[in-house]
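Visitor: I have a model open and would love a short tour. Could you take me through the strands and then the backbone?

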Amino acid sequence: MSRQTVLVVAPNWLGDAVMALPAIADVRRAMPDARLIVAARGGVADLCAMVPGVDAVLALRWKGSLLAQRDLAHDVEAIGQERPETALLLPNSFASAWLIRRAGVRERWGYASDIRTRLLTRAVPRPTGSRHQGAYYQHLVAQLGFANGPLTPQLVVPKADLEDARRLAREAGWDGNTPFVVLAPGAAYGTAKQWIPAHVTRLVIRLVGEGTPCVFVGSTADAGTIAGIRGALSTGVVQQTVDLSGRTSLRQLTATLALARACVSNDSGAMHVAAALGTPVVAPFGPTREHETHPLTAPGGWARVVTSPTWCRPCMLRECPLNHACMTGITPEMVAAALGEIDRKSTRLNSSHSQQSRMPSSA
């Protein structure tokens, strides 16, 4: 008798994909003998390959445009070749349900949203009220009969990827030995979520003065912000920093975060990936709701959200129309103090990814 094949359609954005990992783990535990395949857009597919319990990953090309018929046909054929009996749709989009129906998957499960209910064979009403995005995905699988486990994601980085990340960092200026802190100061969806670059500069000066090199990560779009931060540093300090903006694949970014002693990141995909790896995270939160998107840590992991109370947060705006007080009020000293908790509470004092004992999870 052949194994049952279950296809999980992953969320499209990196942070959402990480927050969906506990729900995927729920499915894996409930169906230990099934073949579990994750279908994900190219921007997150490599991450899904690092998820324990996933048997295969399909990299999707179609992004929902009806004009992109070639990409749609490619994905329909790729899914059809796997012959899944059931598909669990974690995105709320009409496009994801249309794709799965076109691929001929008999059972199509997901939230009843975005006028797609008739395309689903089991449509779960969306929950009311505010909850963490990870709990939102777990609510879906619970309503479908899968018992919820802990709200903890987990990623495992292959050794070859770790070696590749070490090589890349060394080529960019890291000495190859000194534990470093990763900084992700970019803002892909507007500057409101971005911690003040001048504050990042002051933090870097402090960290380097304490003997800790800093590695900057981000997309090509973040390169200007990072160049401005490094440009405000003295020659001696900037020599203790490494700029990897626009130079890493998702696999290399993930491995770099796994090697880090800690990560300081805005509310972003990098923040979520670092936490899922067990890397200690300090996350300045401004306009977004930390109770809905705070970093979920791997078992034994640790994270600290830093905020500055203002009357207008959380506004959820992409650009601040006022004085950005929610972020200017988060000082470098506040973030440095949070980082200082690592030395007091964690045994993670080197750049290895193999530690078994880490700090209690906190948000």
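Guide: Gladly! One term to begin with: a residue counts as buried when its relative accessible area is under 20%. Please keep in mind that this is a predicted model.

Visitor: How many of the seven residues of strand 2 are buried?
Guide: Strand 2 covers residues 35–41. By the cut-off of under 20%, the strand is mostly covered, and the number of buried residues is five.

Visitor: Which residue in strand 2 stands opposite Val 9?
Guide: Strand 1, residues 5–9, runs parallel to strand 2, and five bridges join the two. Val 9 has its counterpart in strand 2, and that residue is Ala 39.

Visitor: And which residue in strand 3 stands opposite Arg 41?
Guide: Strand 2 also pairs with strand 3, residues 56–60, in the parallel sense over five bridges. Opposite Arg 41 in strand 3 is Leu 60.

Visitor: What is the hand of the β-α-β unit that strand 2 makes with helix 3 and strand 3?
Guide: The helix in this unit, helix 3, spans residues 42–48. Together with strand 2 and strand 3, helix 3 makes a β-α-β unit that is right-handed.

Visitor: Is Arg 83 buried or exposed?
Guide: Arg 83 lies in the loop between helix 4 and strand 4, and has a positive phi of about 55° although it is not a glycine. Its relative accessible area is 68%. Because the cut-off for exposed is over 50%, Arg 83 is exposed.

Visitor: Which residue does a cis peptide bond join to Arg 313?
Guide: The partner is found in the loop between strand 12 and helix 14. Omega of this bond is about 0°, and the residue joined to Arg 313 is Pro 314.

Definitions and conventions
Residues numbered from 1 in each chain as written. Predicted model: local features only at pLDDT ≥ 70, side-chain atom pairs only at ≥ 80, totals over all residues. Heavy atoms only, no water. Helix = DSSP H or I, 4+ residues; strand = E, 2+ residues; numbered from the N terminus. Buried < 20%, exposed > 50% of the residue type's maximum accessible area, 1.4 Å probe, protein only. Pairing = 2+ DSSP bridges. Right-handed = clockwise from strand over helix to strand, strands pointing away.
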